[in-house]
Amino acid sequence: MKILQSKWFHWILGICGVGGSLFFLIHLSSWSQLFWPGAWFVFLLVGVVGLEMICRALRLQKVCELMASKRLSFRGSFWVGAIADIYGAATPSSVGGEVARLASLARFGIKGRESLMALALDRLVLLSSLLFVLLVSGGMVFLKDTSLFSLKSLLNTLILYFVLAGGLIVFLFIMVRREQYEMPWKKYF
């Protein structure tokens, strides 16, 4: 089990992931259809990814501050997110990302129940923000062309996010009602 927590294992796994991606990109791609969009566009994309990782780290840091007995530094929360990205990319449906986040939070000394509650609240915040973006973009699509709402994929996506966010809210309230976890409501408002 110690090998899974070692830095060398994480580095080797990351290098293998990048190497495998490059191998398949080189051998299975249609290079005649590719073109270079320009350095400014690549820097823009890298900057957006970096900004997204920083925002996720700040969100996890705040959630752990509310839900856990031990504070998590920005560097630690950034590391947890990066490790989750690596393991999420290496496993089907990104299930390894959540397990890696739980293991990483345990490595920083956050107890199992607290890390589970923190990750549930983090997912609730993520789904709520995605739901807001979906509603705004759905409203813009509706104003542009109402026939696009006949797409079942858009409707199914909205329903899925409503169900997931509602399920997490119910889970958090059940844990609070059973008094297994004390919810610091005053810190939210």
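Contact here means heavy atoms within 4.5 Å. In this predicted model, Leu105 is, leaving aside its neighbours within four places in sequence, in contact with Cys64, Leu72, Val80, Ile110, Ser115 and Leu119. Leu105 and Cys64 are also among the residues that touch the most other members of the largest nonpolar core, and the points below take up that core and then two helix pairs.

**The largest nonpolar core**
- The core holds 20 residues, and those touching the most other members are Leu60, Cys64, Met67, Leu105, Leu121, Leu124 and Leu172.
- Two or more residues are given to this core by each of helix H3 (39-67), helix H6 (112-144) and helix H7 (152-177), with H6 supplying the largest share, seven residues.

**Packing of H3 and H6**
- The axes of H3 and H6 lie 9 Å apart at an angle of about 130°, which means that H3 is oblique to H6, and their crossing is right-handed.
- On the H3 side the contact is made by Arg59, Leu60, Val63, Cys64 and Met67, and on the H6 side by Glu114, Met117, Ala118, Leu119, Leu121, Asp122, Val125 and Leu126.
- Sorted by class, the residues of this contact between H3 and H6 are 10 nonpolar, no polar and three charged.

**Packing of H2 and H4**
- Helix H2 (residues 7-28) and helix H4 (residues 74-90) have axes that come within 10 Å and cross at roughly 50°, so H2 is oblique to H4, and the crossing is left-handed.
- H2 contributes Phe9, His10 and Leu13 to the contact, while H4 contributes Trp79, Ile83, Ile86 and Tyr87.
- The contact of H2 with H4 comprises six nonpolar residues, one polar residue and no charged residues.

Definitions and conventions
Residues are numbered from 1 along each chain as its sequence is written. This is a predicted model: local features need pLDDT of at least 70, side-chain atom pairs count only at pLDDT 80 or more; totals for chains, interfaces and linings use all residues. Side-chain values use heavy atoms; hydrogens and water are left out. A nonpolar core is a set of buried Ala, Val, Leu, Ile, Met, Phe, Trp, Tyr and Cys residues joined through side-chain atoms within 4.5 Å. Buried means under 20% relative accessible area, exposed over 50%, partly exposed in between (1.4 Å probe, protein chains only). Helices (H or I, at least four residues) and strands (E, at least two) are DSSP runs, numbered from the N terminus. Axes are lines fitted to C-alpha atoms, for helices over the stretch in contact, and angles run from 0 to 180 degrees between N-to-C directions. Angles under 35 degrees count as roughly parallel, over 145 as roughly antiparallel, 65 to 115 as roughly perpendicular and the rest as oblique. A crossing is left-handed if the near helix is turned anticlockwise from the far one by less than a right angle, and right-handed if clockwise. Ala, Val, Leu, Ile, Met, Phe, Trp, Tyr, Cys and Pro count as nonpolar, Asp, Glu, Lys and Arg as charged, and the others, Gly among them, as polar.
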